[in-house]
Protein chains: 2
Amino acid sequence: MNKARRQERRIALTKILADNPNQLFPLSYFSGMFDTAKSTICEDMEAIRQLLEELDLGRLETVSGAAGGVKFLPWRSADSAHGLLAEVADKLSAPERIIPGGFLYMSDILFMPHLMTRVGEIFLSRFADAGPDCIMTVETKGIPLAFATARAFNLPLVIARRGSRVTEGSSVSINYVTGSSRRIQTMSLPRRAIPQGARVLIIDDFMKAGGTARGMLDLAQEVGATVVGTGVLVATAEPEQKLIEGYLSLLILHGVDENNKKTDIRPAI
Amino acid sequence: MNKARRQERRIALTKILADNPNQLFPLSYFSGMFDTAKSTICEDMEAIRQLLEELDLGRLETVSGAAGGVKFLPWRSADSAHGLLAEVADKLSAPERIIPGGFLYMSDILFMPHLMTRVGEIFLSRFADAGPDCIMTVETKGIPLAFATARAFNLPLVIARRGSRVTEGSSVSINYVTGSSRRIQTMSLPRRAIPQGARVLIIDDFMKAGGTARGMLDLAQEVGATVVGTGVLVATAEPEQKLIEGYLSLLILHGVDENNKKTDIRPAI
C-alpha cells in the first residue's frame, strides 16, 4: 500500500465518522470497504484520534470485544463550550432583541443550524454519561436544539405536542401548570413514541419556573420512562426555586431592563 | 513538510469542511491555521475533492476571485438519493404504521436525526440552483427535516406558528383553508423573521391538497419575500391537483388500504 492510498483512506474515514456521530462501526466494516487489514485500519484510527484530540475536534472511542469497533463523538471541551456560549450570550444581549413586556427575541438564534448543532454537541459532552435512549422536547421553539442534540447522540427524538393529534394513534396526555403564568395546559405523546423503560433526556430552549420541564418529566413517567437528565439553553435567574431539580442550564438570564435596553445574560458553564 | 504532517492536515481539513456545509472558507484561512503556503492547501483540497467525488460523499467547490475560497456541499447523487428514499418508503410501508382512519404514523421517521440529515442533503442537491436565502416551514412535524435542510444549506430556518406569540414581537398573520378538511386556520410569522426581498425555500413533511404549503407561500409573500421552491418528503397521489404548483415531492403515497393493512408509497425521484 502506497502513501497516497493511505492518505485517501484517512480522508474517507474522517468524513464517514464525522457524518455518523456516536455510531459504532466494527473495524471489519472499514477493512471490507477499503480491502485492507484490520491492523491497518487500527493505525488509521489512531492517527485520526490523535489529530482530532489535538485540534479539539471531537473524540474517537474504541470499544473492544466481539461487538466492538470505533465511534466518533462530537465532543466539545469546556473551553470550546464556554467560547461558544459567550458568543451566544453576546448575540442575545443586543438591545434590539428586547420586546415590549421585557421578553427577549431568541427565535432566530434558536433556528440557526450551525449554532444549534454546536450547542447539541455541548449537551452530548455533558450528558453522555447519563446514557439516554432518546431525546425529548415539547413543541415548538426547542425542537431544532433537541434535534441537534439527538443527532449528536445518534438517538431518536420524541416531541410532545400541545393537544393530541388524530394522525398519531392512541396517546397519553397530562395537564400541567406553567410555573410563571399559572395557566393550565395540556401536553401529549403518542403511546408508541417512547418504549417502556426508556431512559429519556429532556432538552428545551428556555426555562423560567420550570413548569414545562416538570410537565415533560411527568409525561415521560406516565408512559413508563425514566428521565435521566434535563438540559436547557437559557434559564432565568429568578425564580431561583424551579419546579424541577438537577437541570443543566447553559446560559443564565439575570435580567432584562426594558427601560435602559440592557440584557444581562451569561454562560453558566 | 513531511508526509505525516500532510496527512494530518488533510484529516483536519476534511473534518472542518464536513462540519461546516456550504460555508465558504478563503484559502488564507487554512494556510494561516496550518502555517502553510496557499498552493499546498490547494493541493490538499484537490486530493479531498477527488476522493469525496469518487466515494459519492459530497462535493468540494472552488470559488475563484478575491472573495473566493472553497466550500463543501453535502451533495447526494441521484443513485444515493433513490436508495435512501427506497429505504424510507420501505419503513413507512410497515403494516403497524396504519392508524384507524387510514392515517400513517410517520413521526418516528420524521424525528430520526440520521435519516432527516440525509433527506435534507437531497433537498440541497435539488434546490441549490434556486439560491434560497432561508428555509421556511410551519410547526410541528416538518421542523426537524426543515432544520436538517437549513443545515445542509447553511441558511437560517424560519418557522411559521399557528397563532401568534407574545414573546416574538409584532407579527404578520394570514388565514388559510386546509385543502383536505376545509377548515380555516391561522398561521403567523414575527415581522423580523424574514428580511424584505428574501428568497425562501419552503420545506414540509407531508402534502395532501397543498393548503398548508399554499398558506406558507401567501405568508412569505405577505412579508415581502419570494418563494423559490417547495419541497415535501411525502405527497399523496390524490388529489392530483394541488393548491400550489411546481413543488418537489420525494415520495408519493398512492394509498393506504386499512382493511388489508397495505400501504403503497414509492420514491418519486
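**Two chains, two domains: a chat**

Reader: Hi! Before we look at the pairing, which domains does chain A have?
Author: Happy to help! This is a predicted model, and the domain assignment of chain A gives domain 1 (3-73) and domain 2 (78-267).

Reader: Thanks! How far apart are the C-alpha centres of domain 1 and domain 2 of chain A?
Author: Those centres are 33 Å apart.

Reader: And how many residues of the two domains of chain A are in contact?
Author: From domain 1 of chain A there are 5 residues, which are in contact with 7 residues of domain 2 of chain A. On the domain 1 side, 2 are nonpolar, 2 polar and 1 charged.

Reader: Nice. Switching topic: how many residues does the contact take from chain A and from chain B?
Author: Chain A gives 47 residues and chain B gives 47 residues.

Reader: Which element of chain A gives the most to that side?
Author: That would be α1(A), with 10 residues. Other elements giving two or more residues include α3 (38-54), α6 (113-127) and β6 (157-160) of chain A.

Reader: What's the class make-up there?
Author: The side of chain A that touches chain B has 26 nonpolar residues, along with 11 polar and 10 charged ones.

Reader: Cool. What turn lays chain A on chain B?
Author: A turn of 180° with a shift of 0.0 Å along the axis does it, and the RMSD is 0.0 Å. That is the relation of a two-fold axis.

Reader: One last thing: why do the copies meet through the same surface?
Author: Because 100% of the interface residues of chain A are also interface residues in chain B.

Note on methods
Residues are numbered from 1 along each chain as its sequence is written. Chains are lettered from A and ligands numbered from 1 in the order in which they are written. This is a predicted model: local features need pLDDT of at least 70, side-chain atom pairs count only at pLDDT 80 or more; totals for chains, interfaces and linings use all residues. Helices (H or I, at least four residues) and strands (E, at least two) are DSSP runs, numbered from the N terminus. Ala, Val, Leu, Ile, Met, Phe, Trp, Tyr, Cys and Pro count as nonpolar, Asp, Glu, Lys and Arg as charged, and the others, Gly among them, as polar. Domain bounds come from an automatic or database domain assignment. Copies are superposed by least squares on the C-alpha atoms of residues with pLDDT of at least 70 in both.
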